[in-house]
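Me: I have a structure in front of me and I would like to learn how to read it. Can we go through it feature by feature?

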Amino acid sequence: MTLSHEEQYQRSWQERQEYAENMQPIIGRLYRNKGIELVVYGKPLVNATTIDIIKAHKTVERFEQQKLRLRESFPVLEAISKLDLAPGRIDLGKLAFAYAYKNAAEGLSLEQYLQRELADLLGQDDKIKPTDVVLYGFGRIGRLLARLMIERAGPSAKLRLRAIVVRGGRKGDLDKRASLLRRDSIHGPFNGSITVDEENGGIKANGTFIKVIYADSPEQVDYTAYDIHDALVVDNTGIWKDDKELSIHFKAKGAAKVLLTAPAKGDVKNVVYGVNHKMITADDRIVSAASCTTNAITPVLKALHDEYGIRNGHVETVHSYTNDQNLIDNYHSAERRGRAAPLNMVLTSTGAASAVAKALPELKGKLTGNAIRVPTPNVSMAILSLNLNKETDRDSLNAYLQKVSLFSDLQDQIDFTNSTEIVSSDLVGSRYAGVVDSQATIAEEDRCVLYVWYDNEFGYSTQVIRVMNEMAGIFYPTLPVAL
């Protein structure tokens, strides 16, 4: 019997759904029992829905001009689950596509092929000790960091969220803190269960107990009283900016290291993960994760400078309004920022262009920058207008950046889109530092203009998590490196 087009489409969809449903428990067990984080061409599969898994597979065709079917990746996933692997990050999509279409196995069986490609994880002991984490401040970035750590909580988790420190302590405060973690106007509802533990003064989120500590200053806190030791304190307040000011955190017993989620002043290292994170040493007690804009543009600038050389240029950021602006016209110490954020485009300044030099010293003095705050609550764009040392064209430049986004040390920082219809709201929740909009690329002779989207909240938070891992001495390889 010949099936109609409608019946063929429905049967195909049902097959994909069934494979995705069968993948979910395997993906979960690999992560929670072995610390294996699975992705498909960079798209995360841990805690993904069946639809998320199907959509992740659909992105492969965008890069490879050929589909990767779930029935092709499922046997690879099953085979991975049977291997004795140490914690790491495995791109199931790249492995499966290369095995199915690139003749990467070279006559090897699937098991032999995976043993070759995943050799760095085979038979290795997990000797990394967990690190206690305290979020000092629980605003926009603090709550997103909490979400990211909670979604990866479990026996194999090495960053363990133990407490948050906030001011207040008024009646009903715990309920309000829990509600803000549970619901978010931009990023949607929390994926799981959140309850308040009044008796123990904390919040329970998907089985993770988070102690809520009330204090007006770090020296008022004794983390050891809550069995928190050698903690990595992530300062989300922005109150203290240099090493002398941030050292106040060490007056709290149990604090070992401090990470600032804002640009730092003085001698504090400003780190953009993927670019200069290797400068972090075991002796560094205070580190900055720089700004969201610096994280968005620096990886792209590094990729361009490595291939073409950057003579000079200008960076213009079109940035969503932030909490330091006013909802309606009111006094503000900064110029123009007192005007109503939801109603105006506000010309302001940014230090991101000059801050790039802290991560890429070779670009010192070569970039200027400015910023326009616009009436959107999240997702921003950086426009890079650059003069290069080598000539190029639009297609060559885009092809290079797409390759970087897939097969380079910057693959976790740079995403790439060919869409002609993408707008800012489509990028909410992006886990990349920046997303190159290839359809807007302009290149002629030795000049180019690139448009880089970035979720200035969520994308930045994923970069902060990566810096936290580096400070805690937690490193897992991403495999395969290239196929």
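Reply: Yes. Start with the record, then turn to the model, which is predicted. In UniProt, an unreviewed entry annotates residues 131–292 as "domain: Glyceraldehyde 3-phosphate dehydrogenase NAD(P) binding". Such an annotation may be inferred rather than shown by experiment.

Me: What are the helix and strand shares over residues 131–292?

Reply: Helix makes up 17% of that stretch, and strand makes up 28%. The C-alpha atoms at its two ends are 25 Å apart.

Me: Now sheets. What is the strand order in the open sheet of four strands?

Reply: To read a sheet, list the strands by who sits beside whom. Here the order is E2-E1-E3-E20, and the pairing is mixed. The edges are strand E2 (43–44) and strand E20 (478–479), each of which pairs on one side only.

Me: In which sense do E1 and E2 pair?

Reply: Look at strand direction. Strand E1 (residues 36–40) pairs with E2 in the antiparallel sense, over two bridges. For a single link, find Val40: its bridge partner in E2 is Lys43.

Me: Which helix lies across E1 and strand E3?

Reply: That is helix H4, residues 92–101. Compare its direction with that of E3 (88–91): the angle is about 40 degrees.

Me: On to pockets. What is the volume of the largest pocket?

Reply: Read a pocket in steps: volume, centre, lining. The largest pocket has a volume of about 1,500 Å³. Its lining has 46 residues, and Cys292, Thr322, Asn323, Asp324 and Arg373 lie nearest the centre. Elements giving two or more lining residues are helix H6 (140–151), helix H9 (292–307), strand E13 (310–320), helix H10 (352–359) and strand E15 (367–374). H6 gives the largest share, four residues.

Me: How many residues of that lining of the largest pocket are nonpolar, polar and charged?

Reply: Sort them by class. There are 16 nonpolar, 21 polar and nine charged residues.

Me: And which residues are closest to the centre of the second largest pocket?

Reply: Use the steps again. The second largest pocket holds about 1,300 Å³ of space. It is lined by 35 residues, and Asp52, Val428, Gly429, Ser430 and Arg431 are the closest to its centre. By class, its lining has 15 nonpolar, 10 polar and 10 charged residues.

Me: Which element supplies the largest share of the lining of the second largest pocket?

Reply: H2 does, with five residues. This helix spans 50–64. E2, H6 and strand E17 (414–417) each supply at least two residues as well. Now find H6 in the view: this helix gives residues to the lining of the largest pocket and to that of the second largest pocket.

Technical notes: Residues numbered from 1 in each chain as written. Predicted model: local features only at pLDDT ≥ 70, side-chain atom pairs only at ≥ 80, totals over all residues. Heavy atoms only, no water. Pairing = 2+ DSSP bridges. Contact = heavy atoms within 4.5 Å. Axes fitted to C-alpha atoms, helices over the stretch in contact; angles between N-to-C directions. 1 Å grid on protein atoms, 1.4 Å probe; cavity = no way out; pocket = protein on both sides within 12 Å on 5 of 7 lines; lining within 4 Å. Points joined across faces, edges and corners; volume = space filled by probe spheres on them. Nonpolar A, V, L, I, M, F, W, Y, C, P; charged D, E, K, R; others polar.
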